[in-house]
Amino acid sequence: MSGTQVRRMIPVEEAMAQLMEMAEAAPIRERETVLLAAASGRVLADDLVATLDLPPWPNSAMDGYAVCLADWHGEPLTVSQRIFAGQAPEPLAPGTCARIFTGAPIPVGANCVEMQENAVVGEDQRVRFTEPLVTGQNIRPQGQETTVGDVVLEAGTRMGPIELGLAASLGRAELDVVRRVRVAVLSTGDELIEPGQTLGPGQIYNSNRVVLCNWLERLGCEVVDAGILPDNLEKTRSTLGNLGYVDLILSTGGVSVGEADFLGHALREEGELSLWKLAIKPGKPLTVGHYRNVPVIGLPGNPASTLVTFALLARPYLLRRQGVQDVVPLRFKVPAGFSWSRPGDRREYLRGRLEQGQAVYYSNQSSGVLRSAAWADGLIEIREGTTVALGDWLDFIPLSEVLG
Ligand code: AMP
Ligand code: MG
């Protein structure tokens with residue numbers, strides 16, 4: 001038999017480390033050039049290197065008057081030119097000032113901008129200032145943000161609105177990005193039917209399929225919706241056999257102890273299988289392996305377990321396949337608005353939210369209750385072997401962080 005049946009519970013960090021290793025062993029190497037606006041959610045294939053300074057020339061941070069303090073002939077000053085953003089100024093005539101507007105280039109010779117609020121224009125249209133002037137004030141120097149050759153974004157960065165803006169400010173109309181990861185979503189279970197059909201005895205609607213398909217799309221993956229897989233070995237074999245072209249088969253269900261384990265059976269026959277018992281709650285059972293050469297991750301079927309294991313393990317795996325380094329979701333400390341007296345042997349992720357600055361959790365934390373996650377804004381982490389007193393600081397992982 002290939003693969004292993006691990007009896008002990010695997011800590012979350014260890015599972016994560018193994019998944020990262022697997023991801024790095026199968027990086028997506030193909031790349032494509034896309035228009036800037038189409039690069040949202042995609043991963044940069046190359047460093048984004050500045051080919052110009054930002055700003056490209058010194059410019060005014062204020063509407064006001066540009067003067068030269070090195071060559072000061074006293075006030076009042078004659079206004080020798082008006083410079084709007086988008087114009088190319090003349091050098092500053094000695095002993096004069098230039099009317100200047102925000103974003104306009106500083107004329108050669110000027111070394112200070114005074115804001116218009118501190119200027120008094122006389123009847124003769126000449127200008128006096130009400131405050132002392134300081135060299136360099138209100139001038140945004142050339143290269144203040146970036147200079148030529150700076151690595152502004154590293155290869156492996158996921159592009160969001162801000163990163164797209166940086167690329168645009170450097171004049172990039174196209175970007176080279178990593179090909180999308182192709183993920184097949186499989187929902188296993190004889191009890192499942194799709195929304196829109198009439199519920200028969202013993203049946204439930206498939207919710208994991210739409211959760212995962214939508215989530216994967218938000219992550220920039222190419223989703224192959226492989227539908228419902230009945231608990232049947234023949235069908236499991238033929239379905240898996242048709243998915244040879246994907247980068248990952250992501251299944252839900254069929255991994256509970258004692259269940260007729262068709263997915264596991266098929267993987268053992270024509271691939272490799274590890275069944276992990278994770279020290280995580282919800283979400284203990286996880287299948288990790290290969291079918292022929294396609295990596296497979298089997299998430300537990302209970303909707304809240306699917307959510308937690310996808311957020312904490314499968315999502316980082318998929319990002320790492322694309323070369324993203326920064327895959328661990330952001331977390332921050334929040335004071336507990338509850339106490340917790342039963343130390344667990346698994347790390348628990350309560351679906352919770354912040355109320356008046358304190359973390360509280362949904363009343364029903366059953367792994368079958370997806371509503372807990374709809375109510376929640378994040379996952380409250382309770383580490384194994386610990387109790388919590390009111391006001392203790394706990395880690396909180398915002399769902400907004402992991403959902404996109
Ligand atoms: P399993 O991991 O197959 O034993 O499933 C655990 C629980 O999750 C069972 O109550 C299943 O009915 C339920 N479940 C499995 N797959 C889905 C799904 N795609 N949508 C909703 N519930 C599911
Ligand atoms: Mg099942």
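Is Glu384 buried, partly exposed or exposed? In this predicted model, Glu384 is partly exposed, with a relative accessible area of 25%. That makes a handy starting point, since the side chain of Glu384 meets that of Arg347 in a salt bridge, 2.8 Å from N to O. The two residues come from distant parts of the chain: Arg347 sits in strand β24 (residues 347–355), while Glu384 sits in the loop between β26 (378–382) and β27 (393–398), 37 residues apart. Arg347 has a relative accessibility of 5% and counts as buried, because the cut-off for buried is under 20%. So the salt bridge pairs a buried arginine, Arg347, with a partly exposed glutamate, Glu384.

This pair also belongs to a wider set of contacts. Glu13, Arg331, Lys333, Arg347, Glu381, Arg383, Glu384 and Asp395 are linked in a network of salt bridges.

Let us step back to see how the chain is divided. Domain 1 takes in residues 12–30 and 180–321, domain 2 takes in 33–53 and 145–178, domain 3 covers 59–140, and domain 4 covers 332–402. If you are looking for domain 2 and domain 3 on the screen, their C-alpha centres lie 35 Å apart.

Now for the rest of the salt bridges. How many does a search of the whole structure find? The search finds 22 of them. One of these joins Asp176 and Arg31, whose closest N and O atoms are 3.2 Å apart. Asp176 lies in strand β13 (residues 174–178) and Arg31 in strand β2 (residues 31–35), so this salt bridge ties together parts that are 145 residues apart in sequence. Both partners are partly exposed: Asp176 has a relative accessibility of 23%, and Arg31 has one of 42%.

Another salt bridge brings together the side chains of Glu222 and Arg182, at 3.4 Å from N to O. Here Glu222 belongs to strand β17 (residues 222–229) and Arg182 to strand β14 (residues 182–188), and the pair links parts of the chain 40 residues apart. Glu222 is partly exposed, with a relative accessible area of 34%.

From charged pairs we can move on to a helix. Which residues of helix α5 (residues 262–270) are buried? Leu263, Gly264, Ala266 and Leu267 are. They cover an arc of only 165 degrees around the axis, so they lie on the same side of α5. What do the buried residues of α5 pack against? Their neighbours are helix α4 (233–241) and the strands β18 (248–252), β19 (271–278), β21 (285–291) and β22 (294–299).

Helix α1 (residues 12–25) is worth a visit too, as the place of Glu21. Glu21 is exposed, with a relative accessible area of 61%. Follow the chain from Glu21 to Arg321 and you cover 300 residues of sequence, yet in space their C-alpha atoms are 9.9 Å apart.

On the surface, Leu330, Phe332 and Leu354 form a nonpolar patch, with about 250 Å² of accessible area together. Leu354 is found in strand β24, the strand that also holds Arg347. Leu354 counts as partly exposed at 38% relative accessibility, whereas Arg347 counts as buried.

Finally, some details of the backbone deserve a look. Where are the cis peptide bonds in this tour? One joins Leu54 and Pro55, with omega about -15 degrees, and Pro55 is found in the loop between β3 (48–49) and β4 (59–60). Another runs from Lys281 to Pro282, with omega near 0 degrees. Pro282 is likewise in a loop, between β20 (280–281) and β21.

Two glutamines carry a positive phi. Gln125 has phi near 70 degrees, a positive value in a residue other than glycine. Gln125 sits in the loop between β9 (119–121) and β10 (127–129) and counts as exposed at 54% relative accessibility. Gln356 has phi near 45 degrees, again positive in a residue other than glycine. Its place is the loop between β24 and β25 (358–361), and Gln356 is exposed, with a relative accessible area of 82%.

Note on methods: Residues are numbered from 1 along each chain as its sequence is written. Chains are lettered from A and ligands numbered from 1 in the order in which they are written. This is a predicted model: local features need pLDDT of at least 70, side-chain atom pairs count only at pLDDT 80 or more; totals for chains, interfaces and linings use all residues. Side-chain values use heavy atoms; hydrogens and water are left out. Domain bounds come from an automatic or database domain assignment. A salt bridge is a side-chain nitrogen of Lys or Arg within 4 Å of a carboxyl oxygen of Asp or Glu. Helices (H or I, at least four residues) and strands (E, at least two) are DSSP runs, numbered from the N terminus. Buried means under 20% relative accessible area, exposed over 50%, partly exposed in between (1.4 Å probe, protein chains only). The arc is that of the directions from the helix axis to the C-beta atoms. Contact means heavy atoms within 4.5 Å. Patches are made of residues with over 30% relative accessible area and no salt bridge: like charges are joined within 9 Å, nonpolar side chains (Val, Leu, Ile, Met, Phe, Trp, Tyr) within 5 Å. Accessible areas come from the Shrake-Rupley method with a 1.4 Å probe; for residues, only the protein chains shown count as cover.
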